[in-house]
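Trainee: Could you pick one part of this model and take me through it closely, then show me how the surroundings are built? I would like the terms spelled out as you go.

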Amino acid sequence: MNVLGSIFFRRESGILVMIILFCLAVGLYKPQFLTLSSLRIILLLTPLIMIGAMAQMLVLVARHVDLSIGSMLGFSAMVVGLMYREFPEIWWMVGFPVAILTGATLGLFNGLLVTIFKLPSIIVTLGTLSLYRGLTFIISDARQINRSVIPTELKVMSRTSPVFDIPWIILIAFGIAVMAYFVARHTQFGRQIYALGSNPKAAPLRGIDVTKVTLVVFALAGALSGLAGILYASRWGFVNPSNTGAGFEFQVIAAVVIGGVSINGGVGTVMGTVLGVLLLGCVSAALPLLGIPGSTQNAIFGAVILVALLIDRTVRHRGVASVSGGAA
Amino acid sequence: MIADVPMLIEARGISKQFGGVEVLSDVDLDLHVGEIHALLGENGAGKSTFAKILAGVHRPTRGTLSMNGDPVDVPSPIAAQKLGIALIHQEPVSFPDLSVAENIVMGRQGGGLLTRVPWTEIIADARRYMDMLGVSIDVNRPMRGLSIANQQMVEIARSLASNSRLIIMDEPTAPLTPREVETLFSIARRLREEGRTIVFISHRLEEVRMLCDRLTIFRDGAHIATHAIENISDEEIIRLMIGRTLKKYRRKHTAVIGEKTLEVSNLSLLGAFEDISFSVRRGEIIGLAGLVGAGRTDVARAIFGVAPATSGSIRVGGIEARINRPTDAIELGIAFVPEDRAGDGIFATLSVEHNLTAAIPHKIAPNGVIRRELERGFSNKSVGDLSIRLASLGQPIVELSGGNQQKTILARWLLTEPEILILDEPTRGIDIGVKAEFYDMIGGLAKAGRAILLISSELPELLSLCDQILVMSEGRLTAKIQREDATQENIMLAAVPRKGLAA
Amino acid sequence: MTETSTTRELVPARPTWHVVFVRPETMTTLLIVIGLVGASILSPFFLDVNYIMRSFTLSAEMSIVALVLTMVVISGEIDLSPAANMALSACVFAWVQEAGLPLPLAVVVGLVAGLAMGALNAFMSIRMQLPSIIVTIGTLIFYRGLAQIIAGDRSIRVPESFIGINNVLILGVPLPIIIFFVAALFLGLVLGTTVIGRQIYQIGTNQAAALHAGIETKRIKVGLFLLLGVVSAAAGIMAASRLGSVRYDLVLGGELQMVLMAMLGGTYIFGGRGTILGTCLAAWLLVIVSTGMTVANLLPAIQLTVLGILLIVAIIATNFIYARTQR
């Protein structure tokens, strides 16, 4: 990248520096933080958030918000779980396309409400957040899917790996990140998402099919949430109608905001988002090591979001809040 | 006119109505292949509207267009692009967060959503266009933060990239330095050699003379004349632009001029205006003339506190005033009727009554609680005084016609009983009949002892109403003309930028 | 571009019946009637006024907060943190009281905490000009997290003398409901009859125009955030009294219900429209719907689903109505 390309990377370097400083600081106090097994722990905390963050990033860049990704994750996980329970003979990998398609359908529904009825995505997804969560309860009869039901091969994905002792689940997450980078940077579709978020009024003038792009973005967010759903089952071994995916959207938003994605659209990079996820992963991993109870995690995440927003404001001087408070 | 010069565009009978008001009437115009053609005319004369019709932004209410001999329809900007027509706006349209290179190419690549983006090609092409234009912008940087001049360069690069046959430039040179202008002109000439047609909308007569082959003058929505550039003089051009209006408004009132109430000294705002000094006395109507972008509204907003000046001083009633927000100005007795009625003036969905009383909360609610009868009293009086036509005070103001909406805003401010009234294009978009009413009202206000600053682009209006006319051009005051000396010609001459071109 | 017309000089005003009846509050009232009828078919218990009132006390606190939230949304902003605010203020209150502070002082501390939370929202949204949607998502997480730190996993008990606000009956009506109605009346009057109320609508309709008209847009918005902060704290403390103890997950997810009440009541998400009456009706509608569903033995799961559907239907309907009444 030439010298001026570094303008794009300034934020990413900032986050990287913060990660390094943080790890060093913790490492000084508790050296075991800087070991490889510690890295493994950090990385294992992140795959679901990583995938969710990619989804949310695309939606935010398009100048929308999706608050329902946690519920889409839960519903997709439950569908897959039920499938395993009712059809124990089925090949375990079928779960993947099922989860992804389920998620995509839910995401598409979000997109339809936003495009056909011209409703603000914030309110729509606040509604579907409950709707999908409720549906999850209904289809599962409020019962959880137990460990025994989830295929072993699936669970093992979170432990075994083909290379360098990195579990499959992490590879998949990073693979998604790479694909997201490719889509965002090197496909027509990706560039149109950025254009749409940057100037929604100009987009139709430049030949962008706003409806199509919006629908695909939401469907994609759903599909990724679905993938995260089956990976949840892999990681934790069970699916619970009330917990699976609950609070997910907030962790994801924290990562994405830290990563420099703007709520006003048009701005945000995959690299930044990945680093944001990693920073949060480091913080989460450090807490138990430092003897700080896990109950502080939310407070820290919230504080981090607020600080990141303030830094954004003072450094960038852009993105004056819209009159509707960004709800549009 | 040589009969066998190939025609690119033939326009016949082009007319355009906006909500019942005709802004273009029966315009016939030919554009040759391979020429640079200027469109001249005052603000609102119709030249921009005509250009927008060519570019697919508006559709004509009547009339036909043909391109290269075949009848053609331009229903949208994208259709125009496909036909090879490009419009470069004065305020460039772009995606601020995308890079320069991407903005040049956006919308022109074929292929579906998953098509790979050919970055190296895009960047190389973008660099090539930038070099052609002699502009040294890094094509990888985001559009956000680029100067208007550079944004225009990107727009021009866009039209080059799309191989446009007709490139319309709407006042492109205003933000450019002389050197950039020269670059632009040499490119325009080169494009002409390539057989393209350039439409150049501008007020700058020297530039028009340097660059263009032919010119067309618009006035009041009609095509007045088309001449080859060598066949017409500057004086003749201005005379045709201004013309003789059929109806001359006769000013009815003559007010007694009192002492100074508003004194502005060396007022400056970086990027908007510089070293503005003038004063307005009681009973006086001071006009502020100038072209769009001259900085007149910025001066008004500075006096009213919406966007305060960075240096200089304002004295009201002889006392130095600190005006940091509109409340300060209102307390000093200043009122401001803004230019952008829809954006800065009306509360569209709220009732006429709510709009009328918006600036006098303390009068309709002495204790904080609104007293309906007080409000109704003020409202009825306003409606009567200004003859506002409406169905009911409770209806949303957006249902009123433009003229009545404007009356409502004026009434809103009159209710504050201001000493100083700043009116920014108060009769824009208003029917002739209602305009006369406004002129009477403005005259009456002056007679009642108010000091009035009237910002307007309509020369006849300024000439008939004002005691003194100030002219601004590109952020500076270029003339102060007394009523008896004022003519449309000398106002226009002071308004037109006199920036000489660098050798 | 000119936009006047000689032919359009006089648009006839909408007939009075149209103005009075074609509005979101009517939709809400209709839904209440439908809900009542439907619910009474499901169960005869339902038409017992006392039963309905007791049900309402369960969500009275959130309903009160929703009233103030309505005002914030009308002014053009949004706040998703009030539920977390309630929890944190309640935890702070219970905690300092447990640490020995006398009850009245503890209440004051709780209210001050709420005020501080409102101030943080105001600072970031108005002073720093950040979008209030993302700011309040951040503070929602932050405040909930702080509550988690203070209360941990346990329930902090509240002294006996303080418990049972919902059992206090005035003329047979539980106190929380009285407080709700008083608040609704007061805020409704402020919004409907005072200058500030009028200006809130004007700011939400067109902030630039409000600025030009000399309205103190920033001050009013800051005031609203502060008010919402204090009222949320008060509501949290009321909840503490009703429940007898406080946990960090008090009204977890409550922001959904509050937004739902505002939207069901016809508040326009982009600002400029909405009424206290509408939100008030919506609060009761929600109680009727929730209680009806509980009585019909519908699982909480289905109730959640229904709430989600209601929200979506509500905004579609509101948008539709507003599009029809604005030509």
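Mentor: Happy to; here is a walk that starts at one strand in chain B and then moves outward.

Two notes on conventions come before the details. Residues are numbered from 1 along each chain as its sequence is written, while chains are lettered from A and ligands numbered from 1 in the order in which they are written. This is a predicted model, in which local features need pLDDT of at least 70 and side-chain atom pairs count only at pLDDT 80 or more, while totals for chains, interfaces and linings use all residues.

Let's begin with strand β17 of chain B, residues 420-424. Strands here are DSSP runs of E with at least two residues, and helices are runs of H or I with at least four, numbered from the N terminus. Five of the five residues of β17(B) are buried, meaning that 20 or more other C-beta atoms lie within 10 Å of a residue's own (exposed is 12 or fewer, partly exposed in between, with C-beta atoms placed from the backbone). The two faces of the strand divide neatly: B:I420, B:I422 and B:D424 point one way, B:L421 and B:L423 the other, and all are buried.

β17(B) has partners to follow in the viewer. Strand β16 of chain B (residues 334-337) runs parallel to β17(B) and is joined to it by four bridges; two strands pair if DSSP finds at least two bridges between them. In that pairing, B:I334 stands opposite B:I420. Strand β18 of chain B (residues 451-455) also pairs with β17(B) in the parallel sense, over five bridges, and there B:D424 faces B:I455.

Elsewhere in chain B there is an open sheet of four strands with antiparallel pairing, in the order β12-β11-β14-β15. Its edges are β12 (273-281) and β15 (319-321), each of which pairs on one side only. From one strand to the next the twist averages 20°. Three bridges connect β14(B), residues 311-316, to β15(B), and one residue to look up there is B:I314, whose bridge partner in β15(B) is B:A321. Helix α9 of chain B (residues 296-304) lies across β11, β12 and β14, at about 115° to β11(B). Axes are lines fitted to C-alpha atoms, for helices over the stretch in contact, and angles run from 0 to 180 degrees between N-to-C directions; contact means C-beta atoms, placed from the backbone, within 7 Å.

For a contrast in secondary structure, turn to chain C. Helix α6(C), residues 103-127, packs with helix α11(C), residues 217-243, at about 145°, with their axes 7 Å apart. Their contact comprises 16 nonpolar, seven polar and two charged residues, where Ala, Val, Leu, Ile, Met, Phe, Trp, Tyr, Cys and Pro count as nonpolar, Asp, Glu, Lys and Arg as charged, and the others, Gly among them, as polar. The 25 residues of α6(C) reach 35 Å from first C-alpha to last, close to the 36 Å expected at 1.5 Å a residue; the expected span is 1.5 Å times one less than the number of residues. After α6(C) comes C:Q129, with a positive phi near 55°.

Last, a stop in chain A: helix α13(A) has 16 of its 20 residues buried, and just after α13(A), A:G291 takes a positive phi of about 80°.

Key
Two residues are in contact if their C-beta atoms, placed from the backbone, lie within 7 Å.
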